[in-house]
Amino acid sequence: MTAQRSVPAALGAPVLLRTAAELDALRRPAGARRVVVMTMGALHEGHATLIRTARSTAGPAGQVVVTVFVNPLQFGEAADLDRYPRTLDADLAVAGAAGADAVFAPSADEVYPGGEPQVRITAGPMGERLEGAARPGHFDGMLTVVAKLLHLTRPDEALYGQKDAQQLALIRRMVRDLNFGVGITGVPTVRDPDGLALSSRNRFLAREERRTALALPRALFAARDRLAAQRALHERATTTSAHADRVAGLAALGEIRAAADTQAVALARPGGGPAAVRAAARLVLDDAAREQPPLALDYVALVDPADFTEIPDDRDQGDAILAVAARVGATRLIDNIPLTLGALT
Ligand SMILES: Nc1ncnc2c1ncn2[C@@H]1O[C@H](COP(=O)(O)OP(=O)(O)OP(=O)(O)O)[C@@H](O)[C@H]1O
Ligand SMILES: CC(C)(CO)[C@@H](O)C(=O)[O-]
Ligand code: BAL
């Protein structure tokens, strides 16, 4: 049956659409903005935050559509696809409570009526780095379904989480390179109180595995704190006369070594170099590799948000993303944090 209805912005059960025809028949009130959140289901508070942001972006007269589709094209290991959680009833409740008007949850046959698509989006060089290297073909599959879902849902704006930073960067790039004419918004990562980024895959972690997995956010925060500490030291040393007075005082007391050390700290690179950032993160991850159960590091990388290439050690200005991926037991987790190098005011 075709759903021929337009839905109010009131919080409640969203209309469930299973086919492209039903989605087509979803009336868009004149002038209303349609905002889309794409998910693979098993909705958690990270998704709810995206949906609430979509609701406020769309406004009370606008329309929020959530897609739920576990896209086989972006999975490498069949086991990963098979065990991906599928919880549609609970997802409808979460989506409705967060302000979704409609949930589009098609079958694989509905999305790929001709079987595996022969023509696909190619993610290019950015799609071969980090996550792309670890999961060959993943980003081609992801972009192909995102392109299809954008065509099917025809939104004014689509929202994606910064937790999947490389995915977000690639979607922005596809939309720009191929003139999709849709706005793309990134939403900051939502974390549990202990720091772990929310992810549908967290449910697979046993209690001890979760304890080990906390090394991911700890490593990112340690690197961020290291950057802040070096910046503060440098700022204090260069913006007050107290430092010069201290050096002179130590030298006058004959404490030449201490004076030299203090001088060295003051001359440290303004934001702390990329190498210091990576080292601070690695220290935490190396410790976690000796935990029981151990953390198996896949990568930790400080990259340029524009193309996900590694930031060279001699760059001390500009935006960066510190990204990490690791396995704990059978579960693979990713996380990242945005950083600004050398931002001295
Ligand atoms: N913790 C989070 N904070 C913000 N956005 C998130 C978070 N987790 C997922 N998202 C975003 O929600 C959207 C749908 O993601 P998805 O359904 O793959 O969930 P997921 O929790 O990332 O699952 P998994 O990590 O198992 O793939 C994506 O744009 C993703 O970046
Ligand atoms: C964007 C997406 C819904 C495409 O399948 C998926 O990669 C996800 O949930 O992040
Ligand atoms: N959240 C990114 C989708 C994936 O892991 O396949």
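**Exercise 1. Find which oxygen contacts ligand 2 makes with the side chain of Q167, and then look around the ligand.**

*Solution.*
Step 1: In this predicted model, an oxygen atom of ligand 2 is 2.7 Å from an N or O atom in the side chain of Q167. A pair of N or O atoms counts as a polar contact within 3.5 Å, and this pair fits.

Step 2: Now turn to Q74. An N or O atom in the Q74 side chain is also 2.7 Å from an oxygen atom of ligand 2.

Step 3: Next, list the surroundings. Ligand 2 has M38, T39, M40, Q74, M142, V145, V146 and Q167 around it. On its own the ligand exposes 280 Å², and the protein buries 90% of that.

Step 4: Sort the shell by class. Five residues are nonpolar and three are polar, while none is charged.

Step 5: Ask where the shell comes from. β2 (34–39) and α7 (138–153) each supply at least two residues, and α7 gives the most, with three.

**Exercise 2. Describe the shell around ligand 3 and its contacts with side chains.**

*Solution.*
Step 1: Begin with the list. The residues around ligand 3 are M40, Q74, R135, H138, D164, Q167 and R201.

Step 2: Sort them by class. This shell has three charged, three polar and one nonpolar residue.

Step 3: Check the distances to oxygen atoms of ligand 3. For Q74, a polar side-chain atom lies 2.9 Å away. For R135, an N or O atom of the side chain is at 3.0 Å, and for R201 the value is 2.8 Å. The protein covers 86% of the 220 Å² of accessible area that this ligand has alone.

Step 4: Compare your two lists. M40, Q74 and Q167 are found around ligand 2 and also around ligand 3.

**Exercise 3. Work out the strand order of the sheet and explain why β1 and β6 each have one side without a neighbour.**

*Solution.*
Step 1: Read off the order. Six strands form an open sheet, β1-β4-β3-β2-β5-β6, with parallel pairing.

Step 2: Look at the ends. β1 (15–17) and β6 (183–187) are at the edges with a single partner strand each, so one side of each has no neighbour in the sheet. On average, neighbouring strands are turned by 25° against each other, direction ignored.

Step 3: Zoom in on one pair. β1 and β4 (102–104) are joined by three bridges in the parallel sense; V15 has A102 as its bridge partner in β4.

Step 4: Add the helices. α4 (88–98) lies across β1, β3 (63–68) and β4, at about 160° to β3. α7 lies across β2, β3, β4 and β5 (157–161), at about 150° to β2.

How values were computed. Residues numbered from 1 in each chain as written. Chains lettered and ligands numbered in written order. Predicted model: local features only at pLDDT ≥ 70, side-chain atom pairs only at ≥ 80, totals over all residues. Heavy atoms only, no water. Near = heavy atom within 4 Å. Polar contact = N/O pair within 3.5 Å; in protein donor to acceptor, adjacent residues only side chain to side chain. Areas by Shrake-Rupley, 256 points an atom, 1.4 Å probe, with all protein chains shown as cover. Helix = DSSP H or I, 4+ residues; strand = E, 2+ residues; numbered from the N terminus. Nonpolar A, V, L, I, M, F, W, Y, C, P; charged D, E, K, R; others polar. Pairing = 2+ DSSP bridges. Axes fitted to C-alpha atoms, helices over the stretch in contact; angles between N-to-C directions. Contact = heavy atoms within 4.5 Å.
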